[in-house]
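Work through the exercises below with the sequence and the 3D view at hand. Each task is followed by a solution in steps.

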Amino acid sequence: MRRFLLSLFTGLVLILPSVHANEFIGWFTEPLRLLANEAAQFDFITRIIVFLFSLAVFIIGFVAWQRTHNSRVKWVALAFGLMAFKWLLKVMDLFVSTGQFFPDHAENVIELISLVLIAYAIFTPRKEK
């Protein structure tokens with residue numbers, strides 16, 4: 001009986017989304033689409049706020065690293081420094097070429113490096129003194 005229920009559940013999980021894929025995907029994406037459309041009018045101010053926030057976290061992290069010399073804090077500060085740099089380029093992009101100055105693939109590389117630095121800071125084993 002247990003095996004039957006498992007195979008029935010697996011079948012439903014695999015078949016239902018393919019039969020009603022548009023409805024299933026629309027159920028998740030419609031609220032996000034509405035939110036994105038509303039957020040588009042605040043794009044300029046959002047970019048500036050995110051830049052200032054990431055710059056503030058970088059500065060706070062850098063000052064904390066100077067005081068403690070903790071390597072984890074150093075990597076997190078560096079990651080937020082890269083994010084601040086990325087968002088500075090995105091803000092400049094609004095003034096220079098309206099979206100053509102800083103392409104998505106360059107942004108993705110900076111985000112990947114930032115995430116790797118944060119993951120490294122989190123998952124690196126702590127050194128015993």
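**Exercise 1. State how much surface the protein exposes and how much of the chain is buried.**

Step 1. About 10300 Å² of the protein is exposed, and carbon and sulfur atoms supply 72% of this area. Accessible areas come from the Shrake-Rupley method with a 1.4 Å probe, and for residues only the protein chains shown count as cover.

Step 2. The model is predicted: local features need pLDDT of at least 70 and side-chain atom pairs count only at pLDDT 80 or more, while totals for chains, interfaces and linings use all residues. Residues are numbered from 1 along each chain as its sequence is written, and side-chain values use heavy atoms, with hydrogens and water left out.

Step 3. The protein has 129 residues, and 18% of them count as buried. Buried means under 20% relative accessible area, exposed means over 50%, and partly exposed lies in between (1.4 Å probe, protein chains only).

**Exercise 2. Describe the order of the elements and the reach of the contacts.**

Step 1. The protein has 5 helices and 0 strands. Helices (H or I, at least four residues) and strands (E, at least two) are DSSP runs, numbered from the N terminus.

Step 2. Read from the N terminus, the elements run α-α-α-α-α.

Step 3. Take the contacts (heavy atoms within 4.5 Å). Of those between residues at least 6 apart in sequence, 64% join residues at least 24 apart.

**Exercise 3. Find the salt bridge within helix H3 and say how its two residues are placed.**

Step 1. A salt bridge is a side-chain nitrogen of Lys or Arg within 4 Å of a carboxyl oxygen of Asp or Glu. The structure holds 4 of them.

Step 2. Arg47 pairs with Asp43, with 3.1 Å between the closest N and O atoms. The two residues are separated by about one helical turn because they are 4 residues apart in helix H3.

Step 3. Arg47 has a relative accessible area of 15%, so it is buried. Asp43, at 32%, counts as partly exposed.

**Exercise 4. Which residues are linked with Lys86 in a network of salt bridges?**

Step 1. The network links Lys86, Lys90, Glu107 and Glu111.

Step 2. Glu107 and Lys86 form a salt bridge at 3.8 Å, N to O. Glu107 lies in helix H5 and Lys86 in helix H4, so this pair ties together parts that are 21 residues apart in sequence.

Step 3. Glu111 also forms a salt bridge with Lys86, the closest N and O atoms being 2.7 Å apart. This pair links distant parts of the chain, with Glu111 in helix H5 and Lys86 in helix H4, 25 residues apart.

Step 4. Lys86 is buried, with a relative accessible area of 4%, and Glu107 is buried too. Glu111 counts as partly exposed, at 31% relative accessibility.

**Exercise 5. Locate the nonpolar surface patch and name the helix that gives the most to it.**

Step 1. Patches are made of residues with over 30% relative accessible area and no salt bridge; like charges are joined within 9 Å, and nonpolar side chains (Val, Leu, Ile, Met, Phe, Trp, Tyr) within 5 Å.

Step 2. Phe44, Leu88, Met92, Phe95, Val96 and Phe101 make a nonpolar patch of about 570 Å².

Step 3. Helix H4 (residues 71-96) gives the most, with 4 residues. Met92 lies in this helix, H4, and is partly exposed at 33% relative accessible area.

Step 4. Phe44 lies in helix H3 (residues 43-68) and counts as partly exposed, at 40% relative accessibility.

**Exercise 6. Describe the largest pocket and its lining.**

Step 1. On a 1 Å grid over the protein atoms alone, a pocket is an open set of points where a 1.4 Å probe fits, with protein on both sides within 12 Å along at least five of seven lines; lining residues have an atom within 4 Å of a point.

Step 2. The volume of the largest pocket is about 310 Å³. Grid points are joined across faces, edges and corners, and a volume is the space filled by probe spheres set on the points.

Step 3. The lining has 12 residues, and Asn70, Ser71, Arg72, Arg126 and Lys127 lie nearest the centre.

Step 4. H4 and helix H5 (104-123) each supply at least two lining residues. The largest share, 3 residues, comes from H4.
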